[in-house]
Each structure stands twice: as structure tokens, then as C-alpha cells.
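Me: I'd like to learn how to read a model like this one, feature by feature. Can you walk me through it?

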Amino acid sequence: MTPLLYPGGHIGWLVTGLQTARAVLGDTRFSSLPEGKRDPVKEISNQLSPDALPTGMFVNMDPPQHTRYRRLLSKHFTVRRVRELRPRIQEMTDRLLDGMESAGGPVDLVTAFAKPLPTLVTSELLGLPEEDRAEFGRHVDVLFSLSTSKEEMNQSLMGLGAMLNALIVAARKDQGPDVLGRLTAETDLTDEELLGITIVLLIAGLETTTNMLALGTYTLLRHPDQLADLRGDWSLIDDAVEELLRYLSVVQVGPLRVAAEDFAFEGLSIRKGEVVAVSLPAANRDPLGFDDPDTFDIRRGVTRHVAFGSGPHQCMGHHLARLELAVGYESLLRRFPRLELAVPPEEIGTREMMVTYGVLGLPVRW
Amino acid sequence: MRIEIDKDLCCGAGTCVRFAPDVFDQDDEDGTVILLDATPGDEQRAAVEKAAEGCPTAVISIT
């Protein structure tokens, strides 16, 4: 944990160690409330004034408020519940691969597979109608861009809000089996709370998984020996997913916290109001946490990386994400035994200016 | 091996169930931890240690 000069002159902290990252994210004296948060890369968080956000955005809360939402939602993302989704996710995956196969290569894996799969899964979980999915994707792109202006940001939030409000009205009426339908039937959450929750779930479920699917495929293709090992023994798939999560750590900015009081932490004197940025990619390559951390090794057997964060805010959808990735990679590689990049690797652009790292496109053929 | 859990701090991540499904379960109502076996045999030790270490809110203690 070292002092960091933030854009605009604030002096806060940067966390790069694995143990310290876990300690900070597990310590609620480092608050998740939005007030006073500053982005370490560009002043972007401050553009969203807290009163513009709907209630229910539990990522910006501390216990006990956060705990209430977490308890209401966790039942939809348990190990058991996610396991039940497997056949359906396999079906959606196979249908996308059918589409790729009949189109013939080369195709852009991002638009043909990596983006639609999480969109289908998340949309179905929430009961988002087919016709709204493209518009939703556009809003998410804007909200996640580091180069978005305040006006664009607010416009996208409003557009998204209108779409999702309609969805909540429909869910209250239909009370279907999807997460939103269940939440309207089984809880006393208000429409505004449901809006905040839905925004969090949709944004969290899409961008991250999309980038892991595409960048993960790229990484496997660039490590042909390990890819061959995986093709020879599919029982390695879960270990491969864990190592890809650690090695790629696609959430490249944040999580952010703000010290809620003055206190001593790991021998450092923390002052109220100081911002703390935890670098998940750095923590996941901490040499004290992992041997030879910059080496990609699907046989590493990694169990305690922080790709999903840590502490009470750790990603609630991690089992679902792991399942989408395992089914996604394995089905893609099985369907196309000779999958390869269709352009030289140096021509593949990366998402430098986005909160979530990834490739801009991934032309492949087979 | 004796396991204790602090359910109040549990955030329902289910990491324990991922590593040690014979020892931990999740409540169907709120996702929080259910301790199936507070004194599992030594064959569960490695799995339980992974669960304790992986728990995002350090809810599990082993004595």
C-alpha cells in the first residue's frame, strides 16, 4: 500500500499486494459509499453525483444497508441455483456456435460469441426482452468507457433507467420465474430499489464476462502447448478458468474505497476521506502470493486470487461467471478443433481506456 | 478439526460450498452458510482450509 497522487491533486493510496488487497476490501472502515470517491486514472466517478443514482445500487453501500440487499439477492446466485442453469447455458452456447459455424470463418469472436453469450444469460435471468438487448448493450458501453463525458454518462443512465423501469413494471405484473419476477413477488423492494439492483446486476454480468471470454480465448490461443494439454484433458478446464481469471484480471481500475475515519492500518496512518484504489491485476500478480506470477500456467491450481474482489462486496455472480467461462471456452474449443487467430496478434487492439480490459475485436477462423 | 462460523458476517458468496461441499451448504433463502459438519474427518482438512482461506469475509475458523 503506497501513497498515490490522484488526478486533481488528492493524495490517497494504491494497493498492489494480495494480502493487503484482501484486508482493505474486507475492512468496512474503508467505505464503499460514493461520496468522495475519486478515480485514479481519470476523474470520472465524481461526474456522477450520488443523488442522480437510484437507491438500491448496493455496490455503493456499507453494512448494514448493503447486507440487506445482499441477503435478498444471494439466493439467486448460490452454487446450487447456478448449477441448475448449466443445461440452459450450454444450450445458448451451442446455438451461438451453430451460428458461427454456418456463417463460416473468419468471424469476430467478440460480436459472434463473447458478447452475446453473457447478454443472453443475464437478460434471461432478469427477463429482459429480446428487442431491448441491443439498446441495453449500447448504454453499457457508454457507462463503462473511461472517456465518456458527463452528458453522455447521464444520458445513458437515463436511457437505461427508462428501459429498466418498463421491465420492472412488467415483472411486477407477470411475477415470472426470472430473478426480477421473484424479487417483485417475494420481497418488499420498491421499484426504485429494483432499478438500482437491476443496473448493478446487468452491468456486472455483461462487460466482465464478455471480456474474459474473448481475452481468455486469445490467451489460450497464444499458449498453444497449454491449449493442447487442455484439449487432451478437459478436466483441466476449471483450473484453466481460475488461472485465466488471475492472469487477466480484467477489472483494471478499482475497486475504490474511502476511509470513513482516521485509523492505523498495517502500520500506516490513514486519514478520513482518503481514497484507496485496489489494483486487482497487481494483487493477482503479487510475487508473495503466487510463484512466478507473470507466467500463465493452467496447472497452477490457484485458489485465492482476487479477480472477483474480496470482502462483503465480492462479486455475487462469481459462480455464474465461472460456469459461463468454463462452458464457453470448452464448447468453443471443442466445436472448432483448429481455432486460430485470423490476423497477426499485433493487429488486435485492446481496451486501454475502459474500466474492464479486453480486446476490441478478435478475428478467428477454423 | 473443529469448525466455527460467524453467520452474521457471511455475505453468501458460497466459496466454502465450492471448495468443501460435504461440509458447507448455502441457505436457500439468503445464500448464507450452513455448517453441515462441525467436526469433519481429516480427509476434509485440505478442502476446509481452502474454504476458510477463500472466504471473502473470513467467516470460517478452524481449531
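Me: Let's start with strand pairing. Which residue is the bridge partner of A:Thr2 in strand 2 of chain A?
Reply: Strands of a sheet pair through backbone hydrogen bonds, either parallel or antiparallel. Here, in a model that is predicted, A:Thr2 has A:Leu14 as its bridge partner in strand 2 of chain A. Strand 1 (residues 2-5) and strand 2 (residues 11-15) of chain A run antiparallel, joined by 4 bridges. Also, A:Pro3 stands opposite A:Trp13 of strand 2.

Me: And what joins those two strands? Which residue in the hairpin takes a positive phi?
Reply: That's A:Gly8, with a phi near 95°. The hairpin of strand 1 and strand 2 of chain A has 5 residues between the strands.

Me: Which strand does strand 2 of chain A run parallel to?
Reply: Strand 8 (residues 275-278) of chain A, through 3 bridges. Look at A:Trp13 again: in strand 8 of chain A its bridge partner is A:Val276. A:Val276 is also the bridge partner of A:Arg257. That second pairing belongs to strand 5 (residues 256-259) of chain A, which runs antiparallel to strand 8 and is joined to it by 3 bridges.

Me: So how do I put the whole sheet together? What is the strand order in the open sheet of 5 strands?
Reply: In chain A the order is 1-2-8-5-3, and the pairing is mixed. Strand 1 and strand 3 (30-31) of chain A have a single partner strand each, so they stand at the edges with one side lacking a neighbour in the sheet. As for side chains, in a regular strand they alternate between the two faces of the sheet.

Me: What lies across that sheet? Which strands does helix 1 of chain A cover?
Reply: Helix 1 (residues 18-25) of chain A lies across strand 2, strand 3, strand 5 and strand 8 of chain A. Its direction is at about 130° to strand 8.

Me: Now the core. Which residues have the most contacts inside the largest nonpolar core?
Reply: They are A:Ala21, A:Leu117, A:Leu180, A:Ala214, A:Val276 and A:Val278, in a core of 86 residues. Helix 9 of chain A is the top contributor, giving 13 residues. For a local view, take A:Val278: leaving aside neighbours within four places in sequence, its contacts are A:Val15, A:Ala21, A:Val24, A:Leu25, A:Gly254, A:Pro255 and A:Ala283. Apart from this core lies another, of 16 residues, including B:Ile3, B:Cys11, B:Val33 and B:Ala51.

Me: You mentioned helix 9. At what angle does helix 9 of chain A pack with helix 13 of chain A?
Reply: For a helix pair, look at the angle, the axis distance and the handedness. Helix 9 (residues 191-221) and helix 13 (residues 318-335) of chain A pack at about 35°, with axes 10 Å apart. Their crossing is right-handed. Helix 9 brings A:Thr208, A:Thr209, A:Met212, A:Leu213, A:Gly216 and A:Thr217 to the contact, while helix 13 brings A:Ala321, A:Glu324, A:Leu325, A:Gly328, A:Tyr329 and A:Leu332. Sorted by class, that makes 6 nonpolar, 5 polar and 1 charged residues.

Me: There's another sheet too. What is the order of the open sheet of 3 strands?
Reply: It's 4-10-9 in chain A, with antiparallel pairing. Strand 4 (107-108) and strand 9 of chain A are the edge strands, each pairing on one side only. Strand 9 and strand 10 of chain A share 2 bridges, and A:Glu340 stands opposite A:Arg365 of strand 10.

Me: What about the loop between strand 9 and strand 10 of chain A: why is A:Met353 called partly exposed?
Reply: Count the neighbours. A:Met353 sits in that loop, between strand 9 (340-341) and strand 10 (363-365) of chain A. A:Met353 is partly exposed because 13 other C-beta atoms lie within 10 Å, and a residue counts as exposed at 12 or fewer and buried at 20 or more. A:Met353 and A:Val253 are 100 residues apart in sequence, yet 9.9 Å apart in space, C-alpha to C-alpha.

Me: Last one, the interface. How many residues of chain B are in contact with chain A?
Reply: 17 residues of chain B touch 17 residues of chain A. On the chain B side, helix 1 (15-19) and helix 2 (45-54) are the elements that give two or more residues. Helix 2 of chain B gives the most, with 3 residues. That side of chain B divides into 5 nonpolar, 6 polar and 6 charged residues.

Conventions
Residues are numbered from 1 along each chain as its sequence is written. Chains are lettered from A and ligands numbered from 1 in the order in which they are written. This is a predicted model: local features need pLDDT of at least 70, side-chain atom pairs count only at pLDDT 80 or more; totals for chains, interfaces and linings use all residues. Two residues are in contact if their C-beta atoms, placed from the backbone, lie within 7 Å. Ala, Val, Leu, Ile, Met, Phe, Trp, Tyr, Cys and Pro count as nonpolar, Asp, Glu, Lys and Arg as charged, and the others, Gly among them, as polar. Axes are lines fitted to C-alpha atoms, for helices over the stretch in contact, and angles run from 0 to 180 degrees between N-to-C directions. A crossing is left-handed if the near helix is turned anticlockwise from the far one by less than a right angle, and right-handed if clockwise. Two strands pair if DSSP finds at least two bridges between them. A nonpolar core is a set of buried Ala, Val, Leu, Ile, Met, Phe, Trp, Tyr and Cys residues joined through C-beta atoms within 7 Å.
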